[in-house]
Structure formats: C-alpha cells, structure tokens
Amino acid sequence: MNESLNENIVSSLQKSLPLLSSVIILLLAYIPLNVTFLNNIRPDLGLICVYFWVLHRPDLFSLVSIVVLGLLDMSVSSALPGAALFAYLTMYVLLYNTQRLFNAKPFVVIWYGFMALSLATILIKWLVVSIYYGRFLPISMLMFGYLIGVALYPLVSAVLAFVQNKFIQDEGL
Amino acid sequence: MKRRRSLFLHLNQLRLLAKKFALVILFLAALILMLLNKNHSLILEQTTGVATKMTAPVVSVLVVPAKLLSRVYDYFSELKRIKSDNRALRAENERLRILQDKYNALEIENKLLSNLLNYVPLPQAGFVSAKVVVEESNAFAHSMVAYVDNQRVEKGDVVLSDSGVIGRVDKVMDTYAKIILITDINSKIPVMVEDSRIRGVLSGDNTMMPKLVFIPLNAEINIGDRIVTSGVSGVFPAGLPVGQVVAVSKTEIKVKPFTSLEQIEYVKIVRYGLGGLINQREKTDE
C-alpha cells in the first residue's frame with residue numbers, strides 16, 4: 001500500500017518536472033543582475049522551455065502547463081497581461097504543425113528550428129502588443145533579446161535535457 | 001475487432017477536436033486578458049497581485065547564487081576605483097560643506113519669508129527604503145518588484161534612487177510593490193525644463209531613453225537641459241530631478257534618466273500624500 005503510494009508520488013513528481021523546471025528557468029530571467037548590457041536585453045527563457053518540452057516531451061507538457069507558465073509570467077512581469085500566454089500558445093501551435101521537421105534530428109537542426117519559430121513568435125507578439133498600444137515597440141531591443149535567447153538555447157536546453165535524462169523515466173520502457 | 005478500431009478512431013478524432021477547440025479558447029482568453037487591462041480591471045489586478053506575492057520570494061531566493069558571483073566580480077573591479085574615488089569624494093565633501101552653510105542660511109530665510117506670506121507648505125514626505133527583488137527590462141516592459149515588508153506604500157507613490165525619479169508604484173501586495181519605471185511604455189510624467197520652466201510630459205517607450213512630448217511648438221529645448229518634475233496632476237511633487245536632454249530632433253526629444261535604471265539595488269519609495277489623478281481615477285472606478 002505504502003509502496004504504491006510512494007510510487008504514485010514519485011511518478012507525479014516526475015510528470016510535473018517539465019513544468020517545475022520551466023517555472024524556475026522562467027523566474028531566472030527576472031533576477032536583478034546589475035549588469036547594464038544584459039539587463040536591457042533579457043531573453044524570453046519561457047519560450048525556450050516551451051519549445052524544448054513540447055518538442056521532446058509533449059506528453060508531459062500539455063496546454064495546461066503552457067497556461068500555467070503564461071499566467072506565471074503575467075504575474076511577475078509588467079508587460080501587457082496575456083501577451084506572454086499568447087506568445088507561448090503561438091509557439092505551441094507553430095511547433096505542433098512543424099514538429100515532424102525537427103523530431104529525431106541533430107541538435108543543430110533543432111536549434112535552427114528554435115531560431116525560426118521563436119523569431120516568428122516574438123514578431124507576432126510584438127505586432128499584437130504594438131497594435132494594443134497603437135505604436136511600435138522598440139524593435140532593436142526585441143532583436144537583441146531574441147539573439148541572446150538563441151545564443152542561450154544550447155545552455156538552457158542542456159539543463160532541460162539533463163533534467164529529462166536524469167529524473168524523468170519513460171513509462172513502459 | 002473492426003468496431004473497436006472504429007471506436008478508437010472516433011475517440012482520437014474527438015480528442016483532436018477538443019484540443020483544437022481548447023487552443024482557440026485559450027487564444028481568446030489571452031486576447032481578453034489584454035483587453036481587460038485596457039479597462040484597468042480590479043479582478044485582474046487582484047489576481048496578478050496575489051500571484052506576484054507568491055512568485056517574488058522564489059525569485060529572491062534564486063537571486064542568491066547570482067548575487068554571490070556578481071559580488072566577487074564587483075569586489076575586484078571596485079578595488080581599482082577606490083583610490084581615485086576617495087580623492088574625488090574628499091574634494092566633493094569640501095564643496096558640500098560650503099553648500100550646506102549656504103543651504104542652512106537659505107532655509108532660515110525661506111522660513112521667515114513663508115511666515116510673512118502665510119504660505120501653506122506641502123505635506124511632509126515619508127519614505128520607505130526597499131530592496132529590488134525582480135527586474136524586467138525588455139521590448140515589452142520596464143519594471144521592478146521591491147520588497148517593502150508591510151510598510152505603508154500606496155499605488156502612485158514616487159520611487160526615487162539616489163539621483164532622481166525612477167518611477168512610480170503601480171501595485172502593492174502586502175510585502176511587495178510593483179514599480180513601473182519611467183522608461184516603461186505605460187509611464188507618463190508631467191515634467192518641465194528646469195531653467196526655462198517649459199512644461200511637457202515625459203513618455204516612456206520601452207527604450208532606455210524616454211521621450212519629451214506635449215511641449216509647445218516654439219519651445220527652445222537644448223541638449224544638456226535638465227528635466228525635473230513639474231508637479232502638474234499632483235502625482236509627483238515639483239522639482240524632483242528626472243534626467244537630461246540628450247537628443248533633439250524635429251520629431252522627438254530624448255531624455256536620459258539621471259539614474260542608471262539597470263543598476264539599482266535599493267529604491268526609496270516616497271509618500272508625499274498629494275493624492276493626484278491616480279487616486280481620483282480609482283475613486284471614480286469604485
């Protein structure tokens with residue numbers, strides 16, 4: 001009885017690891033750094049998490065996880081409420097329709113995929129938020145943030161891959 | 001067997017349909033959230049307030065290792081500067097002593113003249129020093145969250161650094177306060193040019209240098225002019241330093257804040273008790 005309860009707890013913890021790791025990485029982006037250059041071009045680390053988990057473990061990273069991540073971002077950020085959720089959903093839809101191009105492909109292809117999809121996502125988000133405010137938001141900061149995000153992808157995905165390989169067991173294997 | 005397979009196919013199709021439906025609903029929800037923000041929805045503010053209260057402590061814990069690394073780096077880089085800083089500070093101290101004498105004399109004179117004119121002074125300001133625990137600066141928003149530890153802070157309070165105005169309190173959640181920086185797209189501060197007293201509005205645009213707008217067409221504004229708060233609208237008291245004009249063109253005037261907004265560890269939240277338009281708007285909302 002106790003063993004099965006323990007197994008259930010461990011299993012549900014493992015299932016929630018993609019979301020938990022994403023939450024921690026998302027919050028890392030809001031740490032005060034006191035570094036002039038980095039502080040102004042913060043990358044959207046949440047987007048990296050969404051891309052990674054939807055691509056590698058769509059079974060453990062459902063729409064619910066995306067909503068939770070989007071709402072969490074909304075609570076910390078002062079950006080337009082709903083904008084982050086909109087971006088994550090856009091990334092989800094884009095990736096859902098192009099997944100077969102990146103599945104079981106070398107890391108470089110997956111990285112290029114992130115470059116393309118995250119660019120499309122942040123441009124759509126930028127457009128929607130710009131329409132809301134009735135003026136264009138600074139594109140230069142957006143692009144710098146995007147480039148930093150692309151540069152950080154290998155590092156963040158390495159951390160997430162470590163979480164996946166070390167702590168998440170495949171059921172039925 | 002055939003029937004079971006067709007049932008399985010139906011279930012799969014239904015699941016796909018439900019997923020597509022859920023996606024559409026969620027996209028709509030995201031857009032509704034954006035539109036709710038336009039109406040300054042109370043429910044939205046309260047919900048995000050509670051969520052921020054829960055997430056801010058997590059960020060402040062995550063800060064610890066990052067802070068340790070940056071402290072070590074700062075320690076070594078600051079050692080070099082200490083000697084020259086010390087010399088400069090001694091010279092500044094001498095200058096400030098002379099200024100303090102002048103200030104004391106002027107204060108006495110001001111008090112005497114105020115008494116003569118029966119002048120009603122502005123309410124006394126109270127302040128709270130707060131540590132910055134969350135920072136956000138990108139194309140979509142410029143803000144921070146500060147730990148205020150249940151001290152009396154209200155929406156609309158002025159936020160200062162050691163060199164001038166950096167923003168205003170946007171939301172208060174018991175122990176944390178969300179601060180909108182003057183560079184944020186939602187920030188609009190009534191300001192004036194210190195020397196010429198030309199009034200305008202400093203409008204953030206999510207870049208590091210906000211724009212000066214709503215100034216008279218024939219106004220003469222030059223690079224290097226100091227910008228201070230004008231006190232119009234009653235949110236900010238008049239005369240607080242904000243920044244300096246760094247670019248003047250036909251289409252826009254850019255102002256560089258006196259404070260380097262990305263290197264703030266502590267802020268001073270000041271309550272002038274002026275009320276102003278923010279409180280009036282809230283009363284109307286209620």
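**Group meeting: a walk through a two-chain model**

Let me start with one pair of strands: E2(B) and strand E5, residues 176–181 of chain B, run antiparallel to each other and are joined by five bridges. If you want a residue to look for on screen, take Met144(B), whose bridge partner in E5(B) is Ile179(B). Please keep in mind throughout that this is a predicted model.

Now stay with E2(B) for a moment, and turn to its other partner. E1(B) and E2(B) also pair in the antiparallel sense, this time over six bridges. Here Met144(B) turns up again, since Glu135(B) stands opposite Met144(B) in E2(B). The connection between E1(B) and E2(B) is a hairpin, with four residues between the two strands.

Is strand E2, residues 142–147 of chain B, mostly covered or mostly open? It is mostly covered: five of its six residues are buried.

Let's step back and see where these strands belong. They are part of a closed barrel of six strands in chain B, running E1-E2-E5-E4-E3-E12 with antiparallel pairing. From one strand to the next, the twist averages 40°. Elsewhere in this barrel, strand E3 (residues 158–160) and strand E4 (residues 165–173) of chain B run antiparallel and are joined by three bridges. A handy marker there is Val159(B), which stands opposite Gly167(B) in E4(B).

Chain B has another closed barrel of six strands, in the order E6-E7-E8-E11-E10-E9, again with antiparallel pairing. In this barrel the twist averages 45° from one strand to the next. To find your way in, look at strand E6, residues 188–193, and strand E7, residues 199–203, of chain B: they run antiparallel with five bridges between them. Pro190(B) is the residue that stands opposite Val201(B) in E7(B).

Here are some overall numbers for chain B. Its secondary structure comes to three helices and 12 strands. The chain has 286 residues, and 30% of them count as buried. If you take the contacts in chain B with a separation of 6 or more, 57% are between residues 24 or more positions apart.

One more spot in chain B, for contrast with that covered strand. Asn118(B) sits in the loop between helix H2 (42–117) and strand E1 (126–137) of chain B. Why does Asn118(B) count as exposed? Because Asn118(B) has 6 C-beta neighbours inside 10 Å, and a residue with 12 or fewer is classed as exposed. For a sense of scale, Asn118(B) and Pro257(B) are 139 residues apart along the chain, and their C-alpha atoms are separated by 36 Å.

Over to chain A, and a helix pair to look at. H5(A) and H6(A) pack at an angle of about 145°, with their axes 9 Å apart, and their crossing is right-handed. The residues of H5(A) that take part include Phe86(A), Met91(A), Leu94(A) and Phe102(A), and on the H6(A) side you will find, among them, Val109(A), Leu117(A), Ile124(A) and Lys125(A). By type, the residues of this contact divide into 16 nonpolar, three polar and one charged.

So how do the two chains meet? In the model, 39 residues of chain A are in contact with 43 residues of chain B. On the chain A side, helices H1 (2–28), H2 (36–39), H4 (63–76), H5 (83–102), H6 (107–133) and H7 (139–167) each supply at least two of the residues that touch chain B. Which helix gives the largest share? That is H4(A), with seven residues. The residues on this side of chain A divide into 29 nonpolar, nine polar and one charged.

Last topic: confidence. The model scores ipTM 0.78 and pTM 0.76. Chain A averages a pLDDT of 87, with 93% of the residues scoring at least 70. Within chain A, confidence is lowest in H2(A), at a mean of 62, and highest in H6(A), at 94. For chain B the mean pLDDT is 80, and 79% of the residues reach 70 or more. Among the elements of chain B, strand E11 (residues 253–257) has the highest mean pLDDT, 93, and helix H3 (residues 276–285) the lowest, 53. Where pLDDT is low, the predicted coordinates should not be read in detail.

Thanks, everyone, and do have a look around the model yourselves.

Definitions and conventions:
Residues numbered from 1 in each chain as written. Chains lettered and ligands numbered in written order. Predicted model: local features only at pLDDT ≥ 70, side-chain atom pairs only at ≥ 80, totals over all residues. Contact = placed C-beta atoms within 7 Å. Nonpolar A, V, L, I, M, F, W, Y, C, P; charged D, E, K, R; others polar. Buried ≥ 20, exposed ≤ 12 C-beta atoms within 10 Å, placed from the backbone. pLDDT = per-residue confidence, 0-100. Pairing = 2+ DSSP bridges. Axes fitted to C-alpha atoms, helices over the stretch in contact; angles between N-to-C directions. Left-handed = near helix turned anticlockwise from the far one by under 90°.
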